[in-house]
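Let's take a walk through this fold, one piece at a time. Have the viewer open and follow along.

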Amino acid sequence: MNDLARVNEEIYSSSMDQMHFVEVDHGQYAESKKNLIQIAATNAQVKDSLYGLAGRGFHLYKSDDTTSWFVAQRKIVDLWHRVRQGELSVADSGLIYTMSSSIDIDQCKSMLVIFSSMADDLNKSSLNRYFEPNFKSVHKFVPDDTLVLRIADIGGVVGGFYMPTTFDPLSASKVSNLIEAIISRHGIDRKRVVLYGASKGGTGSLYHAMMSGLTCVSVDPVVHDSFYEQTYNDSHWTAGSLFTLKKEEEFNQMVTSYSSRERADYESIGVVCSPRSPLFDSISEFTDKIPQDSARVFISNNPKIDSHPGVSRETLRTVTGLINSYLLGIRTEPGKVHF
């Protein structure tokens with residue numbers, strides 16, 4: 001059992017490399033039924049300690065009234081019951097994922113990769129916060145021959161956005177390699193591969209479409225860190241040193257690389273957004289940098305959209321139509337569409 005002073009000593013020592021689990025006594029910092037993530041929202045000292053733990057690859061997996069338990073990233077596959085029970089698969093790289101389809105997987109001719117958004121309770125004391133099961137009923141709405149791949153986003157405190165982190169600089173490459181391996185293993189036509197996600201998942205789908213030369217439907221992606229750092233007290237845990245670059249820097253580098261290489265004619269960077277979302281200006285600024293032969297920007301003016309989460313909720317029918325058209329190899333014209 002460790003108090004924060006002891007934890008802080010261990011964070012900066014080599015002995016932590018050998019640890020599998022860390023227990024933190026947080027009882028003196030908060031009322032019962034709070035974990036270290038929740039306490040950190042209003043306690044700068046605790047926040048620094050939690051940044052330190054995440055920077056060394058330790059993730060909250062359980063808590064009670066007085067204690068928060070952390071597991072080393074390398075031991076998650078041994079601890080997480082969903083992995084041990086076979087519900088989740090583990091790639092050679094250590095990535096955790098699931099694959100499903102309405103028919104035999106070897107008969108699938110298209111693939112939808114779903115990148116998880118933030119968990120409904122992003123501060124929960126469970127590893128499930130890294131694997132939000134968005135669009136659970138997706139098989140009802142896509143062609144039967146679609147293989148659906150979901151990849152966990154283990155990194156940072158509440159997620160790594162499927163991007164490089166200081167603890168695991170190769171995390172994005174591992175995601176890209178897994179997608180490519182499954183495309184190759186099952187003989188999927190790259191023209192019929194779609195990367196989809198909303199919010200944090202939108203960040204991941206957009207980033208990896210540009211990285212891998214695939215098509216995406218990215219819904220209101222987070223492409224700049226400032227909003228959540230300034231408006232929501234760093235609720236995405238990006239203000240510290242957990243990531244190798246800020247999102248705006250990472251995406252600027254990505255669009256430079258994307259613009260300079262030869263692209264296949266089927267590549268489509270589809271982004272769904274709305275001026276009624278607080279992220280609209282940063283998304284517009286970024287999509288204007290994408291080569292216009294690849295960019296498809298769908299702008300919803302639906303009056304029911306009153307927030308960032310509302311974009312995904314109120315554009316679901318449009319998004320489903322876009323996903324299906326791309327899964328079937330049908331391409332929309334580049335440019336901006338208001339609906």
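**A walk from the central strands outward**

Start with a single pairing: Leu-112 has Val-148 as its bridge partner in S7. One thing to keep in mind as you look is that this is a predicted model. The Leu-112 pairing belongs to a longer run, since six bridges join S6 to S7, and these two strands run parallel. S7 also pairs with strand S5 (residues 96–100), this time through four bridges and in an antiparallel arrangement. There, Met-99 finds its bridge partner in Leu-149 of S7. As a general matter, strands of a sheet pair through backbone hydrogen bonds, either parallel or antiparallel.

So how many of the residues of S7 are buried? Six of its six residues are, so the strand is mostly covered. In a regular strand the side chains alternate between the two faces of the sheet. In S7, Thr-146, Val-148 and Arg-150 point one way, while Leu-147, Leu-149 and Ile-151 point the other, and all of them are buried.

Follow Ile-151 and you land in the middle of the hydrophobic business. The largest nonpolar core has 72 residues, and Leu-53, Met-111, Ile-151 and Ile-179 are the ones that touch the most other members. Helix H6 (residues 171–185) gives the most to this core, with six residues. Leaving out residues up to four places away in sequence, Ile-151 touches a long list of partners, among them Leu-95, Tyr-97, Val-113, Phe-131, Tyr-162, Val-175 and Ile-179. There is also a second, separate core of 20 residues, which includes Phe-135, Val-217, Phe-298 and Ile-305.

Now turn to helix H12 (residues 316–327). Its 12 residues reach 16 Å from first C-alpha to last, close to the 16 Å expected at 1.5 Å a residue. Val-319, Thr-320, Leu-322, Ile-323, Asn-324, Ser-325, Tyr-326 and Leu-327 are the buried residues of H12. What do the buried residues of H12 pack against? They sit against strand S6 (110–115), strand S7 (146–151), S8, strand S9 (215–219), strand S10 (269–273) and strand S11 (295–299). After H12 comes Gly-329, with a positive phi near 85°.

Leu-53, another of the residues touching the most other core members, takes us to helix H3. This helix can be checked in the same spirit: at 1.5 Å a residue, the 12 residues of H3 (residues 44–55) should span 16 Å, and the end C-alpha atoms are indeed 16 Å apart. At the start of H3, a side-chain oxygen of Asn-43 comes within 3.0 Å of the backbone nitrogen of Gln-45. Following the helix is Gly-57, whose phi is positive, near 85°. In between, the buried residues of H3 are Val-46, Lys-47, Ser-49, Leu-50, Tyr-51, Gly-52, Leu-53 and Ala-54. Their cover includes helix H1 (4–11), strand S1 (21–25), helix H2 (36–40), strand S2 (58–63) and strand S3 (67–72).

Those three strands form a sheet of their own. It is an open sheet with the order S1-S3-S2 and antiparallel pairing. S1 and S2 are the edge strands, each pairing on one side only. Ignoring direction, neighbouring strands here are turned by 30° against each other on average. Between S1 and S3 there are five antiparallel bridges, and Phe-21 stands opposite Val-71 in S3.

Helix H2 is worth a stop of its own, for Ile-37 lies in it. With a relative accessible area of 2%, Ile-37 is buried. Beyond its neighbours up to four places away in sequence, Ile-37 touches Leu-50, Leu-60, Asn-123, Arg-129, Val-157 and Trp-237. The Val-157 contact is a long hop along the chain: the two residues are 120 residues apart in sequence, yet 8.0 Å apart in space, C-alpha to C-alpha.

Last stop: Ser-199, in the loop between strand S8 (193–198) and helix H7 (200–212). Is Ser-199 buried or exposed? Its relative accessibility is 14%, so Ser-199 counts as buried, the cut-off being under 20%. Its side chain makes a polar contact of 2.7 Å with that of His-308. Setting aside neighbours within four places in sequence, Ser-199 is in contact with Val-219, Asp-220, Pro-221 and Val-222 as well as His-308.

How values were computed. Residues are numbered from 1 along each chain as its sequence is written. This is a predicted model: local features need pLDDT of at least 70, side-chain atom pairs count only at pLDDT 80 or more; totals for chains, interfaces and linings use all residues. Side-chain values use heavy atoms; hydrogens and water are left out. The expected span of a helix is 1.5 Å times one less than its number of residues. Buried means under 20% relative accessible area, exposed over 50%, partly exposed in between (1.4 Å probe, protein chains only). Contact means heavy atoms within 4.5 Å. A polar contact is a pair of N or O atoms within 3.5 Å; within protein, one must be able to donate a hydrogen and the other to accept it, and residues adjacent in sequence count only if both atoms are side-chain atoms. A nonpolar core is a set of buried Ala, Val, Leu, Ile, Met, Phe, Trp, Tyr and Cys residues joined through side-chain atoms within 4.5 Å. Two strands pair if DSSP finds at least two bridges between them. Axes are lines fitted to C-alpha atoms, for helices over the stretch in contact, and angles run from 0 to 180 degrees between N-to-C directions.
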